[in-house]
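User: Hi! I'd like a close look at one part of this model, with some attention to the space around it.

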Amino acid sequence: MENEWVYTEKLKEHFMHPQNVLSDDDKTPYDGRGIVGNMKCGDQMLMAIKVDKANGTITDCRWKTYGCASAIASTSILSEMVKGMKLEEAYKVSPKDVVKQLGGLPEHKIHCSVLGDKALRSAINDYYAKNGMSDKIKTEEARIVCQCMNVTDHEIENAVLEGARTYLELQEHTKLGTVCGQCKPEAEKLLSEYINKHFA
Ligand code: FES
């Protein structure tokens with residue numbers, strides 16, 4: 001059928017046999033934990049890492065999610081990718097890198113793959129906070145782009161991940177720019193930056 005997405009073998013393999021899932025009775029004292037997402041949307045993600053403190057390398061990465069098949073497969077492969085990585089290197093792994101390893105993901109499923117790396121960054125920050133390295137913590141605070149409608153850069157990024165490709169579609173998703181319109185140039189700039197970041 002036209003437009004039917006054929007899931008890659010790699011994706012199927014990680015969905016059928018997810019790696020490094022955190023079990024409910026796991027009592028391991030992990031060095032860093034991060035939780036992101038929203039239980040109400042059923043897309044919460046928990047990541048837990050163990051770190052070799054001598055050289056700042058991730059030795060184990062476990063996760064748990066209530067997300068969909070794409071979220072499960074992408075987090076499974078992410079947890080494999082970051083084992084053995086330096087914390088700084090793991091912090092920079094993007095959803096694009098993960099999707100590449102999976103051999104691709106349908107565009108409308110890309111947003112499912114961003115939870116894992118967000119939770120991972122949160123776990124790394126947690127490790128930094130617990131080990132006296134607060135100076136290394138990078139916050140990802142949202143910045144308001146549309147003052148009138150209180151729309152942030154994070155919401156613009158989410159709208160892009162959910163399929164917005166034009167300014168009009170961005171407005172449909174977020175209601176940004178519907179009052180004074182002053183935010184339009186900045187919003188259009190961010191729109192193309194995020195399309196480039198996730199889909200180029
Ligand atoms: S700042 Fe966005 S509509 Fe006014």
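At what angle do the axes of H6 and H7 cross, and within what distance do they come? Please go on from there to the other helix that H6 packs against, H8, and to the pockets.

Analyst: Happy to! Please keep in mind that this is a predicted model.

Let's start with your pair. The axes of H6 and H7, the latter spanning residues 167-174, cross at roughly 110 degrees and come within 10 Å of each other. H6 is therefore roughly perpendicular to H7, since angles of 65 to 115 degrees count as such. The crossing of these two helices is right-handed. On the H6 side, the contact is made by Glu 155, Ile 156 and Ala 159, which meet Leu 170, His 173 and Thr 174 of H7. By class, this contact has three nonpolar residues, two polar and one charged.

Now for H8, which covers residues 184-199. H6 packs against H8 at an angle of about 50 degrees, and their axes lie 9 Å apart. That angle makes H6 oblique to H8. Here, too, the crossing is right-handed. From H6, the residues in contact are Asp 153, Ile 156, Glu 157, Val 160 and Leu 161, and they meet Ala 187, Leu 190, Leu 191, Tyr 194, Ile 195, Lys 197, His 198 and Phe 199 in H8. Nine nonpolar residues, one polar and three charged make up this contact. Ile 156 takes part in the contacts of H6 with both H7 and H8.

This brings us to the pockets. H6 and H8 each supply at least two residues to the lining of the second largest pocket, and so does H5. That pocket holds about 370 Å³ of space. Its lining has 16 residues, and those nearest the centre are Lys 118, Arg 121, Glu 140, Glu 157 and Lys 197. Two of these names are familiar from the packing of H6 on H8: Glu 157 and Lys 197. By class, the lining has five nonpolar, four polar and seven charged residues.

H5 leads on to the largest pocket, with a volume of about 440 Å³. Among its 20 lining residues, Gly 37, Asp 43, Val 114, Leu 115 and Lys 118 are the closest to the centre. H5, running over residues 114-130, gives the most to this lining, with six residues. The lining as a whole divides into eight nonpolar, seven polar and five charged residues. Lys 118 is worth a look on screen, as it is listed near the centre of the largest pocket and of the second largest pocket.

Technical notes: Residues numbered from 1 in each chain as written. Predicted model: local features only at pLDDT ≥ 70, side-chain atom pairs only at ≥ 80, totals over all residues. Heavy atoms only, no water. 1 Å grid on protein atoms, 1.4 Å probe; cavity = no way out; pocket = protein on both sides within 12 Å on 5 of 7 lines; lining within 4 Å. Points joined across faces, edges and corners; volume = space filled by probe spheres on them. Helix = DSSP H or I, 4+ residues; strand = E, 2+ residues; numbered from the N terminus. Nonpolar A, V, L, I, M, F, W, Y, C, P; charged D, E, K, R; others polar. Axes fitted to C-alpha atoms, helices over the stretch in contact; angles between N-to-C directions. Parallel < 35°, antiparallel > 145°, perpendicular 65-115°, else oblique. Left-handed = near helix turned anticlockwise from the far one by under 90°. Contact = heavy atoms within 4.5 Å.
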